[in-house]
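Biologist: I'm just starting out with structures like this, and I'd rather see one part properly than everything in a hurry. Please pick a single spot, take a close look at it, and then walk me outwards from there.

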Amino acid sequence: MSLTQNYKLNLIQWYPGHIAKAEKKLKEQLNRVDVVLEVRDGRIPLATHHPQIDEWVGEKSRVLVLNRLDMIFPQVRSLWVDWFKQQGEVAYSTNAKQGQGVTAIAKAAQAAGVKLNERRRDRGMLPRPVRAVVIGFPNVGKSALINRLLGKRVVESAARPGVTRSLRWVRISEHLELLDAPGVIPLRMGNQEAAIKLAICDDIGQASYDNQLVASAFIDLVNELQETAPNLLPPSPLYTRYQLDPVLYTGESYLHALAEHRYKGDVERTSRHLLTDFRKGLLGNIPLELPPHI
């Protein structure tokens, strides 16, 4: 039974005006862009794929960035890289906060612009810096990536969605210019299972979902992944951290049992703590998605 069948959730009720306006401006700027850097959350690479990005990219070069490599196991990361390769895409792994993998992104973006300047030279025009745009859902690490590429903090970055509110061009070097864009989410989230994962990872605004429903769904998802790939993942991080085995419970009943076990029966407080522990990596480097063939 899927998460959506369990919960019948309609989580996403969040489409702030600033995102709608930014998306409109982003589309207006795309004709000036040579390369698209699509940043996804490495814990949920499929859920953080915007359904319209293929339409936006068109014939432009695309560099796929799986951020937060520090929050999933290396073997899972390798599986994703192999899976994307089978789909015809090169996936670059980064930890934008610490700068891991960022140099490869800059080289990939510049390489994608080589043909552009070859065409310019053929027309008797001078070469110019490659223009790239950074696109992704809120809070996947776009601004942190730009700051690392530049080597200093030039755009505001924080561990919460909705910090970047406007489009801004940033000159990385004489070879590369980047357009920092606010996180964009679809107007409607038709895939509610993906919506649950976005909420768990804090990649959408907190006002759009119920903490208790999302925490319950998270527990069920962890149990499901443990059953799917027991040889790939370590023992349940829920048991390791809270000393309460989730196997005998549904997500909702485990949440209530954990509330009695640790938080004097306060289920809302338990839900917030559980989600915060996951988001801070205190439950370990667990993914919420595995490649479809697993």
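**Starting from one loop**

Modeller: Let's start at Q243, which you'll find in the loop between α10 (237-242) and α11. Keep in mind as we go that this is a predicted model. Q243 is not a glycine, yet its phi is positive, at about 55°. That deserves a second glance, because most residues other than glycine have a negative phi. Is Q243 tucked away? Not quite: its relative accessible area is 49%, so Q243 is partly exposed. The cut-off helps here, because a residue counts as exposed over 50% and as buried under 20%.

Now follow the chain into α11, which covers residues 251-262. This helix has twelve residues and reaches 16 Å from its first C-alpha to its last, close to the 16 Å expected at 1.5 Å a residue. The buried residues in α11 are G251, Y254, L255, A257, L258 and A259. Just after α11 comes K264, with a positive phi of about 55°.

What does α11 pack against? One partner is α12 (residues 267-279). The axes of α11 and α12 come within 9 Å and cross at roughly 100°. That angle makes α11 roughly perpendicular to α12, because anything from 65 to 115 degrees gets that label. On the α11 side, the contact is made by L255, H256, L258 and A259. On the α12 side, V267, T270, S271 and L274 do the job. L255, L258 and A259 are also on the buried list for α11, so you've now met them twice.

The other partner to look at is α9, which spans residues 211-228. Here the axes of α9 and α11 are 7 Å apart, with an angle of about 110°. So α9 and α11 are roughly perpendicular to each other as well. The residues that meet are Q212, A215, S216, I219 and D220 from α9, with G251, E252, Y254 and L255 from α11. Spot L255 again: L255 takes part in the contact with α9 and also in the contact with α12.

Let's stay with α9 for a bit, and look at N223 in that helix. N223 is buried, with a relative accessible area of 12%. If you leave aside neighbours within four places in sequence, N223 is in contact with P246, V247 and Y249.

Also in α9 is F218, and F218 has a ring partner: F278 in helix α12. The structure holds five aromatic pairs. For the pair of F218 and F278, the ring centres are 5.0 Å apart and the planes sit at 45°, so the pair is tilted. Why tilted? Because planes under 30 degrees apart would count as stacked and planes over 60 as edge-to-face, and the rest are tilted. F218 and F278 are 60 residues apart, so to speak, on the chain's own count, and their pair links distant parts of it. Both F218 and F278 are buried.

F218 isn't done yet, and this takes us to one more helix, α8 (residues 192-200). α8 and α9 pack at an angle of about 105°, with their axes 10 Å apart. That makes α8 roughly perpendicular to α9. I196, K197, A199 and I200 in α8 meet V214, A217, F218 and L221 in α9. So F218 takes part in the contact with α8 and in the ring pair with F278.

For comparison with Q243, hop over to N139, in the loop between β4 (130-135) and α7 (142-150). N139 is not a glycine either, and N139 has a positive phi of about 70°. Buried or exposed, though? N139 counts as buried, at 11% relative accessibility, whereas Q243 is partly exposed.

Finally, zoom out. The chain has twelve helices and six strands, and buried residues make up 53% of its 294 residues. Among contacts between residues at least 6 apart in sequence, 71% join residues at least 24 apart. The pair of F218 and F278, 60 residues apart, is a link between distant parts of the chain that you can find for yourself.

Key:
Residues are numbered from 1 along each chain as its sequence is written. This is a predicted model: local features need pLDDT of at least 70, side-chain atom pairs count only at pLDDT 80 or more; totals for chains, interfaces and linings use all residues. Side-chain values use heavy atoms; hydrogens and water are left out. Helices (H or I, at least four residues) and strands (E, at least two) are DSSP runs, numbered from the N terminus. Buried means under 20% relative accessible area, exposed over 50%, partly exposed in between (1.4 Å probe, protein chains only). Contact means heavy atoms within 4.5 Å. The expected span of a helix is 1.5 Å times one less than its number of residues. Rings of Phe, Tyr and Trp (its six-membered ring) pair if their centres lie within 6.5 Å; planes under 30 degrees apart count as stacked, over 60 as edge-to-face and the rest as tilted. Axes are lines fitted to C-alpha atoms, for helices over the stretch in contact, and angles run from 0 to 180 degrees between N-to-C directions. Angles under 35 degrees count as roughly parallel, over 145 as roughly antiparallel, 65 to 115 as roughly perpendicular and the rest as oblique.
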